[in-house]
Amino acid sequence: MTTAAIRPEVRLSADQARRLALRAQGLLGAPDRRGGTRGVLRRLGAVQLDTISVLARSHELVPYARLGAIGREAIEAAYWSGEHAFEYWSHAACLLPIEEWPLFAFRRRAMRARGRRWHVMQDSERSCAAVRDRLRADGPLTASDLGGAKNGGEWYDWSETKIAVEWLLDTGEVVCVRRRGWKRVYDLAERAVPEALFHDDLDDTECVRRLVAQAGAAMGVATRADLADYHRLRGEQVDAVVEDTGLVPVEVEGWGKPAWADPAALAEEPRGRHRTTLLSPFDSLVWDRPRTERIFGFTHRLEAYVPRARRVYGYFAMPLLTGGRLAGRVDPAREGRTLVARQVSMADAKAVGPMAQALREAAGWVGCDAVRIERCDDARLAAALEAALKE
């Protein structure tokens with residue numbers, strides 16, 4: 001694929017589309033270690049947060065997959081510096097580059113128009129005023145500092161204060177740019193967001209247009225549904241702006257649906273070294289199941305919330321990326337200084353070496369010095385994997 005061969009409304013092979021997606025996601029070619037974790041965040045535009053921690057939390061696994069075994073403390077420091085990222089609702093609860101603050105004005109306005117979140121406050125005006133006053137007087141605070149997050153019941157039984165501060169976060173009066181011991185630290189947005197970015201003057205159409213363009217760049221090539229899913233927009237919102245994003249209409253072999261590509265991605269052939277690594281189930285390369293199946297022919301499902309007896313691949317099965325393809329998965333755990341592969345699945349014998357490499361690297365990254373295989377779905381490959389791990 002050469003520059004001369006790529007024109008608007010071009011036809012791409014399935015392999016070309018796959019390589020464009022990998023390069024856009026920072027998983028093909030030399031990793032940009034100079035930009036580090038912040039560079040990864042800016043490139044992806046959103047890194048999903050989740051409470052599950054097996055090898056590490058998902059937001060740590062995302063830069064690890066692209067940059068290699070960088071220090072986990074360095075990853076946390078890059079995210080929670082208070083100057084480069086904020087938390088908000090994108091694909092889900094996500095870390096977002098601080099430059100995207102103006103782009104989510106449309107969602108903050110929609111929250112305000114709705115008038116409430118799913119939790120109900122008994123006295124919303126008084127509760128919100130109390131949170132504002134405390135933050136203004138005492139600076140950034142956690143929910144515990146503000147008086148406690150729980151109301152005494154189940155995990156979702158929030159206190160009035162917790163509901164109020166989350167509502168203020170939804171509507172943009174409050175922002176989280178730091179965490180402390182995995183607890184959100186809330187601050188007044190007017191104080192924490194850089195002055196040059198602290199504005200909501202972009203109208204809804206412009207917010208959505210920029211987010212669709214950003215999603216297209218982060219994915220390389222995408223269908224309408226892909227573009228909508230990245231920041232959880234509606235299809236009709238994409239339809240209204242896609243012609244003005246600069247994305248190029250393309251036809252992809254086997255996709256059967258219209259698609260758009262980032263013009264920068266089409267400017268040169270995607271080439272370079274493929275990364276061999278384990279991916280978080282929440283990684284933006286695979287977080288959309290239909291897209292993952294379409295590009296990689298790989299059915300991926302997070303089974304953490306599936307009853308144990310119905311799990312097929314395990315609680316937190318991590319796909320194995322190697323040679324630009326998804327070639328297996330492993331459900332990991334840690335016991336002391338041993339990384340335990342509770343269940344390993346591989347496509348064929350070619351995946352054995354890469355799986356061993358990925359397991360050894362992941363073990364070293366999280367401070368383990370041994371790997372133990374508990375179960376391999378294919379008995380013929382189990383002995384080969386054990387041997388490869390000893391090499």
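Aspartate 15 and arginine 18 form a salt bridge in which the closest N and O atoms are 2.2 Å apart. That is a good place to start a tour of this structure, which is a predicted model. Both residues sit in helix 1 (residues 14-24), three residues apart, or about one turn of the helix. Why can two such residues meet? An α-helix has 3.6 residues a turn, so residues three or four places apart point the same way. The two partners are not equally covered: aspartate 15 is partly exposed, at 35% relative accessibility, whereas arginine 18 is buried, at 5%.

## Salt bridges

The structure holds 32 salt bridges. Here are three of them, side by side.

| Acidic residue | Basic residue | Closest N to O distance |
|---|---|---|
| Aspartate 15 | Arginine 18 | 2.2 Å |
| Glutamate 251 | Arginine 11 | 3.6 Å |
| Aspartate 229 | Arginine 232 | 3.2 Å |

Let us take the pair of arginine 11 and glutamate 251, joined by a salt bridge. This pair links distant parts of the chain, since arginine 11 belongs to strand 1 (residues 10-12) and glutamate 251 to strand 8 (residues 248-252), 240 residues apart. Arginine 11 is exposed, with a relative accessible area of 61%, while glutamate 251 counts as partly exposed at 45%.

Now for the side chains of aspartate 229 and arginine 232, which also meet in a salt bridge. Aspartate 229 is buried, with a relative accessible area of 19%; the cut-off for buried is under 20%. Arginine 232 is partly exposed, with 43%. Salt bridges can also share partners, and in this way Glu87, Lys162, Glu166, Arg179 and Arg184 are joined into one network.

## Two residues with a positive phi

Arginine 232 deserves a second look. It is found in the loop between helix 11 (224-230) and helix 12 (235-241), and its phi is near 55°, a positive value in a residue other than glycine. Most residues other than glycine have a negative phi. Tryptophan 182 also has a positive phi, near 70°. Its place is the loop between strand 5 (174-180) and strand 6 (183-188), and at 23% relative accessibility tryptophan 182 counts as partly exposed.

## Around serine 90 and leucine 96

Serine 90 brings us back to arginine 232, because the contacts of serine 90, leaving aside neighbours within four places in sequence, include Arg232, along with Ala46, Leu96, Phe104, Arg107, Tyr230 and His231. Serine 90 lies in the loop between strand 3 (85-89) and strand 4 and is buried, with a relative accessible area of 4%. Its side chain makes a polar contact of 2.6 Å with the side chain of histidine 231.

Leucine 96, one of the contacts of serine 90, is part of strand 4 (residues 93-97). Is leucine 96 buried or exposed? At 0% relative accessibility, it counts as buried. Beyond its neighbours within four places in sequence, leucine 96 touches several residues, among them Leu41, Gly45, His84, Phe86, Tyr88 and Phe104.

## Helix 16 and the nonpolar core

Next comes helix 16 (residues 379-390), with twelve residues. At 1.5 Å a residue it should span 16 Å, and its end C-alpha atoms are 18 Å apart, which agrees. Aspartate 378 caps the N-terminal end of helix 16, with a side-chain oxygen 2.9 Å from the backbone nitrogen of arginine 380.

Which residues of helix 16 are buried? They are Leu381, Leu385, Ala388 and Leu389. Seen down the axis of helix 16, these buried residues fall within an arc of 95°, so they line one face of the helix. The face turned away from that buried side carries the exposed residues Ala379, Arg380, Ala383 and Lys390. Among the elements that cover the buried residues are strand 13 (338-346), helix 15 (352-365) and strand 14 (370-373).

Leu385 takes us into the largest nonpolar core, which has 99 residues. Leu385 is among those with the most contacts inside this core, together with Phe86, Leu227, Leu278, Val344, Met346 and Met355. The largest share of this core, eight residues, comes from helix 15. Apart from it lies another core, of 26 residues, including Leu20, Leu27, Val248 and Leu326. As for leucine 385 itself, leaving aside neighbours within four places in sequence, its contacts are Val344, Met346, Val352, Met355, Ala356 and Ile373.

Technical notes. Residues numbered from 1 in each chain as written. Predicted model: local features only at pLDDT ≥ 70, side-chain atom pairs only at ≥ 80, totals over all residues. Heavy atoms only, no water. Helix = DSSP H or I, 4+ residues; strand = E, 2+ residues; numbered from the N terminus. Expected span 1.5 Å × (residues − 1). Buried < 20%, exposed > 50% of the residue type's maximum accessible area, 1.4 Å probe, protein only. Arc of directions from axis to C-beta. Contact = heavy atoms within 4.5 Å. Polar contact = N/O pair within 3.5 Å; in protein donor to acceptor, adjacent residues only side chain to side chain. Core = buried A, V, L, I, M, F, W, Y, C linked by side-chain atoms within 4.5 Å. Salt bridge = Lys/Arg side-chain N within 4 Å of Asp/Glu carboxyl O.
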